[in-house]
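The exercises below walk through one protein model, part by part. Each gives a task and then a solution in steps.

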Amino acid sequence: MAVSRRILLATAAAFSLAASTGASFAADKLVIGYQTTVDLAKVPQAEGLYEKAVGLPVEWRKFDAGADVIAAIASGDVQIGLVGSSPLTAAASSKVPFQTIFISGLLGDAEALVVSDKSGIKEPKDLVGKKIAVPFVSTGHYSLLAALKHWNIDPKQVQILNLRPPEIIAAWERGDIDATYVWDPALGRAKASGTVLASSRQVGEWGAPTFDAWIARNDFIEKHPEAVKQFVKLTGEAHAAYRKNPAAWTASSKEVQDIARLTGGKAEDVPGILAGNELPTLEEQASAELLGGGLAKAIADTARFLKEQNKIPAALPDYTPYITNRFVKEAAGS
């Protein structure tokens, strides 16, 4: 059984067990799962503003990959979490009970396929027979498979290894892998002794766009809708502050320093990463192109691709139940 399939089945099993035991999913607090990606929510996170906004005690838990966040969401250990579009799609396809409440970013150059300077890889065809590391069921995994398809390379012609970002850094520095499709801070470490062969911006232009999003468990939404609204509002305010004057977000600015501290990356890399992604405002998120409907099509397209690649058992006929623009609309109007 494929590793990605085992992850999905474990996720579904975790939810079933929690549901059958009637567990109370941390009703008295909000557990938020975050990753080491460069995103604007880390600014209010660093300043402790979410704790003040949502009206509940907040616990932050760091995860290395979206599949781990999904498993925690499914089990009820985490109520709100940051995931990429590929693990989000896999979770929805397994009917994990959540809704997408906010788009953290439409990915551009923040994720990329980097080849080692020692690998001898100069062009896509040179990937054949090489070892490529990527966290399975991640946006990087999806983008890697889409890039290989674009280059007419069968995934079976390369060795794709399932490693999380910290493991990727270690394997890269040992020389155990030839390439990796990953995000910062691992991306920055790889680029120091490697070359970008393709970024998620290019892969998106080839027909396979990716995004990061905040999702929330359905039971938490039902019990604490005001907390969800305030979470979304505060995150939207961070997006608005950046969009108002992105030039002010320099390596020495407090905002960038906060992001670098929480990601473990270099402050000088953060401004370029932010500029490389699309960071929609609350009003843009509520539109028909995104949470108002368009995102459901993007998830459906992703599901069909993942099914084609045998990364999920089946695609759903409709993904709209896993998306809501309710909270971005309410936050924008408040």
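**Exercise 1. Strand 8 and its surroundings**

Task: Find which residues of strand 8 are buried on one side and which on the other.

Solution. The model is a predicted one. Step one is to sort the residues of strand 8 by face: A179, Y181 and W183 lie on one side, T180 and V182 on the other. Step two is to check each face for burial, which here means under 20% relative accessible area. The residues named on both sides are all buried, and both faces of the strand are covered. Step three draws the conclusion: five of the five residues in 179-183 are buried, so strand 8 is largely enclosed by the rest of the structure.

**Exercise 2. The neighbours of strand 8**

Task: State how many bridges join strand 5 to strand 8, and how many join strand 6 to strand 8.

Solution. Begin with strand 5, residues 111-116: five bridges join it to strand 8, and the two run antiparallel. As an example from this pair, A112 has V182 as its bridge partner. Then take strand 6, residues 131-134, which runs parallel to strand 8 and is joined to it by two bridges. Here I132 stands opposite A179.

**Exercise 3. The whole sheet**

Task: Give the order of the strands in the sheet and name its edge strands.

Solution. Five strands make up an open sheet with mixed pairing, and their order is 7-6-8-5-9. The edges are strand 7 (159-162) and strand 9 (194-199), each of which pairs on one side only. From one strand to the next the twist averages 30°. Next, look at the pair formed by strand 6 and strand 7: they run parallel and four bridges join them. I132 stands opposite I160 of strand 7, and I132 also stands opposite A179 of strand 8. The last step adds a helix. Helix 7, residues 165-174, packs on the sheet and touches strand 5, strand 6, strand 8 and strand 9. The direction of helix 7 makes about 145° with that of strand 8.

**Exercise 4. Two pockets**

Task: Describe the lining of the largest pocket and of the second largest pocket.

Solution. The largest pocket has a volume of about 330 Å³. Its lining consists of 16 residues, with L145, D154, P155, K156 and Q309 nearest the centre. Helix 6 (residues 139-150) gives the most to this lining, four residues. Sorted by class, the lining has seven nonpolar, four polar and five charged residues.

For the second largest pocket, the volume is about 270 Å³. It is lined by 18 residues, and L106, L107, P209, T210 and E278 are the closest to its centre. Helix 9 (200-205) and helix 15 (294-308) each supply at least two residues of the lining; the largest share, four residues, comes from helix 9. The classes here are seven nonpolar, seven polar and four charged.

**Exercise 5. Enclosed spaces**

Task: Count the cavities of 30 Å³ or more, then find which residues line the second largest cavity.

Solution. The count is four cavities of 30 Å³ or more. The largest cavity holds about 110 Å³ of space. Of its 14 lining residues, T37, V38, A110, D212 and N277 lie nearest the centre. The second largest cavity holds about 60 Å³ and is lined by Q35, T37, G66, G84, P87, E111, S138, T139, W183 and D212. By class, that lining has two nonpolar, six polar and two charged residues. One of its residues, W183, is also among the buried residues of strand 8.

Methods: Residues are numbered from 1 along each chain as its sequence is written. This is a predicted model: local features need pLDDT of at least 70, side-chain atom pairs count only at pLDDT 80 or more; totals for chains, interfaces and linings use all residues. Side-chain values use heavy atoms; hydrogens and water are left out. Buried means under 20% relative accessible area, exposed over 50%, partly exposed in between (1.4 Å probe, protein chains only). Two strands pair if DSSP finds at least two bridges between them. Axes are lines fitted to C-alpha atoms, for helices over the stretch in contact, and angles run from 0 to 180 degrees between N-to-C directions. Contact means heavy atoms within 4.5 Å. On a 1 Å grid over the protein atoms alone, a cavity is a set of points where a 1.4 Å probe fits but cannot get out, and a pocket is an open set with protein on both sides within 12 Å along at least five of seven lines; lining residues have an atom within 4 Å of a point. Grid points are joined across faces, edges and corners, and a volume is the space filled by probe spheres set on the points. Ala, Val, Leu, Ile, Met, Phe, Trp, Tyr, Cys and Pro count as nonpolar, Asp, Glu, Lys and Arg as charged, and the others, Gly among them, as polar.
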